[in-house]
Amino acid sequence: MNPFTYARATDAADAVRLASTTQAKYLGGGTNLVDLMRETIERPASLVDVTGLPSTIEERADGSLLIGAAVRNTALAEHRAVRTRYPVLSRAILAGASAQIRNMATVGGNILQRTRCAYFYDAEGSRCNKREPGQGCDAIDGHNRTHAILGASPACVATHPSDMGVALAALDAVVHLQGARGTRTLPLTEFHRLPGDQPELETELEPGELITAVELPALQLAAHSTYRKVRDRASYAFALVSVAAALEVEGGTVKDVRLVLGGVAHKPWRAWKAEAALRGGPATEQAFRTAAEAELADAVPLRDNAFKIELAQRTMVAVLGDLAARTARGDM
Ligand SMILES: Cc1cc2nc3c(=O)[nH]c(=O)nc-3n(C[C@H](O)[C@H](O)[C@H](O)COP(=O)(O)OP(=O)(O)OC[C@H]3O[C@@H](n4cnc5c(N)ncnc54)[C@H](O)[C@@H]3O)c2cc1C
């Protein structure tokens with residue numbers, strides 16, 4: 001591990017000021033950043049601890065929730081309003097990592113965790129454009145069973161690992177940011193980037209910019225939502241494919257829907273095409289299948305991961321079918 005300095009921020013302005021030196025990184029729970037520092041993949045000269053920043057979940061009068069970036073994953077998953085009004089988020093968080101890691105991990109750190117591509121972590125032996133821009137990508141012709149099938153590029157086929165991020169993308173979440181030039185907001189769906197020819201740039205964050213909060217707008221159909229994660233082990237494993245979905249059905253017709261795929265791309269993959277195909281149509285298995293096929297029509301499999309296309313389609317169909325059945329039974 002390289003030497004670094006440590007400072008604890010008292011508020012957001014203090015954090016931004018402390019991080020104004022180059023080579024500074026914010027420290028949340030440290031469950032990803034510290035691992036990467038040990039491997040010398042991340043080499044910050046200073047750490048600005050932001051766990052003392054607001055860790056409250058504010059229920060606002062307009063029905064929205066404002067979640068402080070320092071809120072721990074466990075606290076968010078267990079919050080009454082999240083469990084009842086946004087169950088997809090609670091389920092996604094609980095499908096990730098372990099209880100101990102969720103107790104440490106923060107909201108800001110979770111959505112900024114870096115890919116689990118083994119070639120990215122293998123600093124000694126593998127080429128990685130994300131780690132060393134211009135070096136090449138050993139995953140493209142390597143073991144790529146867990147890699148991307150949508151939105152990848154010749155420079156990078158890594159996937160985004162966060163389960164929470166997939167649920168947030170389905171909930172139209174908005175990320176609140178503060179930097180040297182002031183505050184701004186970004187929809188979560190526009191926060192992460194596809195790799196293009198600069199896979200080292202994973203988000204739209206400007207240097208030194210801090211996530212202060214994540215906002216969940218009031219969204220009625222979010223109460224009818226769920227998360228399904230398909231993985232090699234029943235726990236403590238990242239998604240091969242995951243689906244976050246919310247569905248509102250009236251008289252057998254899809255009134256509204258949100259659908260996001262995880263484990264398939266460099267960012268949570270909002271299934272805009274499938275959503276458009278479903279809205280206003282029948283809530284039938286055939287319609288769910290047609291929409292899922294439309295979403296995956298542009299998928300480009302690598303040597304080892306063609307199975308993800310069918311897996312993603314089947315998981316979407318199963319999750320939508322489950323939500324439709326539960327709505328019909330009136331148990332949501
Ligand atoms: C064994 C293991 C299994 C795991 N399994 C899963 C899984 O199945 N699903 C899943 O989703 N995750 C999984 N994780 C990842 C885990 O969820 C993340 O490590 C965790 O959420 C990161 O949060 P943190 O607060 O510890 O972030 P940190 O490690 O502190 O930070 C991560 C990044 O975020 C930046 N950062 C932190 N806070 C802010 C802020 N407020 N503003 C700007 N930048 C910030 C840091 O600078 C750093 O770049 C696993 C981790 C481990 C170790």
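**Exercise 1. Work out how β10 and β11 pair, and place them in their sheet.**

Start with the pair itself: strand β10 (residues 241-250) runs antiparallel to strand β11 (residues 253-262), and nine bridges link them. Pairing here takes at least two DSSP bridges between two strands. Strands are DSSP runs of E with at least two residues, helices are runs of H or I with at least four, and both are numbered from the N terminus. Within this region, Glu248 sits opposite Asp256 in β11.

Some ground rules before going on. This is a predicted model, where local features need pLDDT of at least 70 and side-chain atom pairs count only at pLDDT 80 or more, while totals for chains, interfaces and linings use all residues. Numbering starts from 1 along each chain as its sequence is written.

Now widen the view: the open sheet has four strands in the order β9-β10-β11-β12, with antiparallel pairing. Its edge strands, β9 (225-230) and β12 (269-270), each pair on one side only.

**Exercise 2. Find which helices pack on this sheet.**

Take α5 (residues 87-94): it touches β9 and β10, and its direction makes about 20° with that of β9. Next comes α13 (residues 307-329), which lies across β9, β10 and β11 at about 35° to β10. Contact means C-beta atoms, placed from the backbone, within 7 Å. The angles run from 0 to 180 degrees between N-to-C directions, using axes fitted to C-alpha atoms, for helices over the stretch in contact.

**Exercise 3. Describe how α5 and α9 pack.**

Two numbers do the job: an angle of about 170° and axes 8 Å apart. The two helices, α5 and α9, are therefore roughly antiparallel (that label covers angles over 145 degrees). On the α5 side you'll find Val88, Leu89, Ala92 and Ile93, which meet Asp163, Met164, Val166, Ala167, Leu168 and Ala170 in α9. By class, this contact has nine nonpolar residues, no polar ones and one charged. Nonpolar covers Ala, Val, Leu, Ile, Met, Phe, Trp, Tyr, Cys and Pro; charged covers Asp, Glu, Lys and Arg; the others, Gly among them, are polar.

**Exercise 4. Characterise the shell around the ligand.**

Count first: 30 residues surround the ligand, and the closest are Gly28, Gly29, Gly96, Gly108 and Gly109. To qualify, a residue's C-beta atom, placed from the backbone, must lie within 6 Å. Then sort by class: 16 are nonpolar, twelve polar and two charged. Finally, ask where they come from: β2 (24-27), α6 (99-104), α7 (107-111), α9 (163-170) and β8 (210-216) each give at least two.

**Exercise 5. Trace the five-stranded sheet.**

The order in this open sheet is β4-β5-β8-β6-β7, with antiparallel pairing. At the edges are β4 (57-59) and β7 (182-187), each pairing on one side only. Zoom in on β6 (residues 174-179): six bridges join it to β7, and the two run antiparallel. His176 stands opposite Thr185 in β7.

Note on methods
Two residues are in contact if their C-beta atoms, placed from the backbone, lie within 7 Å. Angles under 35 degrees count as roughly parallel, over 145 as roughly antiparallel, 65 to 115 as roughly perpendicular and the rest as oblique.
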